[in-house]
Amino acid sequence: FHYTTLYLKMIGEIMKEWTREERYRPLDKKDVPMLKELHEKIKTSIWRCQFHVQTVTGLLGDTNGFSWFNGKWHLFYQWFPYGGVHGLKHWYHVESTDLVHWKNKGVGVIADGPHDDHGAFSGSGFVENDILYLPYTGNHRDENWVRYPRQLLAYMTKDGVFHKQEKPLYGNIEGYSEHQRDPKMFYRPEDGYYYFMLGVQNLEKKGKFLLMRSESITEGWQVYGEMKIRGYEDFGFMVECPALEKMGDKWLLVFSPQGLQPQGDDFQNIYNNTYFIGDMDFENIEFIPDGPFKELDHGFDFYAAQCAHQDQFKDKAVLDAWFGISDMEYLPTVEQGYSGLQTMPRLLSIEGGKLKQRPVSATQELKGDIIEQSKEEFVLEQMPRACVIEIKGNDSDFMLDLFKHEKHSGFVITYNQESQTLIIDRGDLENPINADYGTTRKLHLENGLQECTIFVDHSSVEMFINDGEYVSSSRIFPTLEEKQMVSTGNGNEVIVYQAKRTVEDDFIIYPEQ
Ligand code: FRU
């Protein structure tokens, strides 16, 4: 067959619009050599990471099917193979034993059936009887491009083989628009039902939470009802990837609302990723929050987070997310044929009624040689492009400039003690990123700046502040001339470690390849 135009587009030789046909090209084994060539080129990109799950080729999106199964962590991501643009999504599979070292495994759920021919959209993982169940949304469109969302079931057996159940778990749900998706499954021993929560849009174009339930994973699913949230009505025009997670005696409700207005310094991103802590009344299908919903992350790029189905951490949750947001452009890498990362997984707990989000313990292993350790100002002429930076604060003014150019600033982190405000600014970097949504984010630190660990990985900066009180995740695309690190500590001790590699950039599309 003929793939010249597509091929040139893939390798970034032509940047014109992707046609619908190109975006919805089914995954084809015959394309492996072409994808391999694309990967060879992508591998040389200066923005490839060394300790983040990153797309093998093309576009990476939401976290899917995240679970502990058969002695390993399994994670999938929404994947369009042929370019860094949104198109026909499959699930790509990666595996880990410690949530820090990850292995590429190949495509998991392939969108090739009658119900998911326009995408195997997001879904979750649920383990029972040596099977990893993967409920997800099949995106089907007819010849007039009318969308029919259906809830489907795939599963992985212990031998690592993927299967798809032919019969949908549920067809189109009446009373809602075409936007009904992202099943997150859980089991409730109190009543013996399996549940999944869906994000839906009602006919007035409002985002809602819908609970489905059944006594069997594979059949008998019914609409249980729309979940109300006491005291709250407005979640914008759509709620994506909603999930209930039991943590001790509380419930965590994680969701990605679309169409909320900014409030002061908060909710500045185009779409947000938020949470409530509260109680769940399953009889009346009502969530009773303990307080207002808050952002999970205070950086520029964080969306569609999912908690793992797991039994490794009691009363805690393990969360991962797409290090990006839909409708945002990550152009520098899109031009190179790829886009997207997963964030670093976080360990969540509720302490004193507050959500804490900490890096998992194996992130300690990322730390290599110490490059710098100082309580004074310092300049590194050539900062490591992947590093771990620890700031042991004493709540005083502080400034750290990463990937600074001789002539202008890079990614600047400033803390002002008087106002207890932390500001991140990516506006001076040579490659602008979604500047329409602002180039700074401001965060008020209720307890001042006690300490902070910053993970820098070639094109990403994640900050964990005050032992899990706040997290801030941002993508950046520094050029090779943007290479200095400048710190003006004021009694804060700063330690910079070279970061090790925990993710190989290897090419694998079909597991048996
Ligand atoms: C969120 C989302 C989901 C959907 C998936 C499609 O980013 O829009 O609601 O299932 O992405 O890729």
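How many residues lie between strand 31 and strand 32 in the hairpin that they form? In this predicted model, two residues separate the strands of that hairpin, and His-458 in the turn has a positive phi of about 65 degrees. Strand 31 spans residues 451–457 and pairs with strand 32 in the antiparallel sense over five bridges, with Phe-464 of strand 32 serving as the bridge partner of Thr-453.

On the other hand, strand 32 also takes part in a hairpin with strand 33, where four residues lie between the two strands and Asn-466 in the turn has a positive phi of about 55 degrees. Strand 33, comprising residues 470–475, runs antiparallel to strand 32 and is joined to it by six bridges; within this pairing, Val-461 stands opposite Ser-474.

Strand 32 itself, residues 460–465, is mostly covered, with six of its six residues buried. In a regular strand the side chains alternate between the two faces of the sheet. In strand 32 both faces are covered, since Ser-460, Glu-462 and Phe-464 are buried on one side, and Val-461, Met-463 and Ile-465 are buried on the other.

Elsewhere in the model, four strands form an open sheet in the order 19-20-22-23, with antiparallel pairing. Its edges are strand 19 (303–307) and strand 23 (354–359), each of which pairs on one side only, and neighbouring strands of this sheet are turned by 35 degrees against each other on average, direction ignored. Strand 19 pairs with strand 20, residues 317–322, in the antiparallel sense over three bridges, and the bridge partner of Cys-307 in strand 20 is Leu-319.

How values were computed:
Residues numbered from 1 in each chain as written. Predicted model: local features only at pLDDT ≥ 70, side-chain atom pairs only at ≥ 80, totals over all residues. Heavy atoms only, no water. Pairing = 2+ DSSP bridges. Axes fitted to C-alpha atoms, helices over the stretch in contact; angles between N-to-C directions. Buried < 20%, exposed > 50% of the residue type's maximum accessible area, 1.4 Å probe, protein only.
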